[in-house]
Amino acid sequence: SYSINTIGGCGTVTLNGTVAISSNATLSLTSGSNNQTICSGDAITSIQYTFGGGTTNVNITGLPSGVTSSIAGNVVTISGTPATNFSYSINTIGGCGTVTLNGTVAISSNATLSLTSGSNNQTICSGDAITPIQYTFGGGATNVNITGLPSGVTSSIAGNVVTISGTPAANFSYSINTIGGCGTVTLNGTVASTSGIIPLFTQIIPVCQGTNINLPTTSTNGFTGVWQLISSSTTNVVYEFTPNVGQCASTTTMTIQIYPQPDVIISGNATYCDGDTT
């Protein structure tokens, strides 16, 4: 503050003045995250800013319907439930200079995960590699987590496709779940090893005695081999299937029911006059 007054003349004139030095404006994020990703329909995590220095207030732009701001003392709180993605800006009012901070809120899609190649439940021959298994993740999912893979089996990611491959030393079960996005999708699988897979065939329906039976030489699960009759009776026959060498398959049998030929018995008068009805 200062004072100035005249010297000389009649009377004295005095004037006063003051000069105030304002503090620099300050603004800082003190609670929550200014960059958030939320699920559709969820409220944002409340975001708080604290202003100080010479700042007397703040100005906020970009808040959508459903999201509001409130001030208590020198603390600004942004909260609510947005319907869309949005970006906002908050800047100081008063003080020396203007401090501006920005933020964004993104609404994430539901996570998705699906089996797109191979079988998640396999039976393999001991010592063989599994048929590669592929999963595709999407929506809001940004990655996946896989548990339960044994030694010899690994997973790799190319883009949004996960591939599980390798040669396991033992049976195993695994689980794959999404990371990121709204909700978590979990899928499971199992791989069993065997010394011989059972060939599968469609059961032959019962046949009449004396009917020629044609058995397929390739099973429905892809094994080839030959059949041999190992037993027969008046009511059924039993065939055994032996897989060709070099296939991880075991022998199997099929029992086919036989309908015996009926005995036809003719009774009554078998002699008729011409013109009679039989």
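This briefing covers strand pairing, a surface patch and four individual residues. The model is predicted. Strand β13 pairs with β11 and also with β16. A separate topic is an open sheet of four strands with mixed pairing. The residue notes take in Gln 122, which is buried, and Asn 102, which is partly exposed.

**Pairing around β13**

- Strand β11 spans residues 111-117, and strand β13 spans residues 133-139.
- These two strands run antiparallel and share six bridges.
- Leu 113 has Phe 137 of β13 as its bridge partner.
- Strand β16, residues 161-166, also pairs with β13.
- That pairing is antiparallel too, with four bridges.
- Here Tyr 135 is bridged to Val 162 of β16.
- In a regular strand, side chains alternate between the two faces of the sheet.

**The four-stranded open sheet**

- The strand order is β19-β22-β21-β20, and the pairing is mixed.
- The edges are β19 (207-208) and β20 (225-232).
- Each edge strand has a single partner, so one side of each lacks a neighbour in the sheet.
- β19 runs parallel to strand β22 (residues 252-259), and two bridges join them.
- Within this pairing, Cys 208 has Tyr 259 of β22 as its bridge partner.

**Ala 249, in the loop before β22**

- Ala 249 sits in the loop between β21 (236-243) and β22.
- Its relative accessible area is 17%, under the 20% limit, so Ala 249 counts as buried.
- Beyond four places in sequence, Ala 249 is in contact with Gly 196, Ile 197 and Pro 199.
- Phe 223 and Pro 243 are also among the contacts of Ala 249.
- Asn 171 is 78 residues away along the chain from Ala 249, with 18 Å between their C-alpha atoms.

**Gln 122, in β12**

- Gln 122 belongs to strand β12, which covers residues 121-125.
- Gln 122 is buried because its relative accessible area, 9%, falls under 20%.
- Its side chain reaches the backbone oxygen of Ser 119 at 3.0 Å.
- With residues up to four places away left out, Gln 122 touches Ile 130, Thr 131 and Ile 133.
- Gln 122 also touches Thr 190, Val 191 and Ala 192.
- Val 67 lies 55 residues from Gln 122 along the chain, and their C-alpha atoms are 51 Å apart.

**Two residues of β10**

- Asn 102 is found in strand β10 (residues 100-108), as is Ser 108.
- Asn 102 has a relative accessible area of 48%, between the 20% and 50% limits, so it is classed as partly exposed.
- The side chains of Asn 102 and Ser 89 make a polar contact at 3.1 Å.
- Asn 102 touches Asn 34, Tyr 49, Tyr 88 and Ser 89, with residues up to four places away not counted.
- Tyr 88 is 14 residues from Asn 102 in sequence, and 5.8 Å separates their C-alpha atoms.
- Ser 108 is buried because its relative accessibility of 15% is under 20%.
- Outside the four-place window, Ser 108 is in contact with Thr 37, Ile 38, Cys 39 and Ser 40.
- Gly 140, Gly 181 and Cys 182 are further contacts of Ser 108.

**Nonpolar surface patch**

- Tyr 2, Ile 4, Val 13, Leu 15 and Val 19 make up a nonpolar patch on the surface.
- Together these residues have about 550 Å² of accessible area.
- Val 19 lies in the loop between β2 (14-17) and β3 (25-31).
- The relative accessible area of Val 19 is 67%, over the 50% limit, so this residue is exposed.

Definitions and conventions
Residues are numbered from 1 along each chain as its sequence is written. This is a predicted model: local features need pLDDT of at least 70, side-chain atom pairs count only at pLDDT 80 or more; totals for chains, interfaces and linings use all residues. Side-chain values use heavy atoms; hydrogens and water are left out. Patches are made of residues with over 30% relative accessible area and no salt bridge: like charges are joined within 9 Å, nonpolar side chains (Val, Leu, Ile, Met, Phe, Trp, Tyr) within 5 Å. Accessible areas come from the Shrake-Rupley method with a 1.4 Å probe; for residues, only the protein chains shown count as cover. A salt bridge is a side-chain nitrogen of Lys or Arg within 4 Å of a carboxyl oxygen of Asp or Glu. Buried means under 20% relative accessible area, exposed over 50%, partly exposed in between (1.4 Å probe, protein chains only). Two strands pair if DSSP finds at least two bridges between them. Contact means heavy atoms within 4.5 Å. A polar contact is a pair of N or O atoms within 3.5 Å; within protein, one must be able to donate a hydrogen and the other to accept it, and residues adjacent in sequence count only if both atoms are side-chain atoms.
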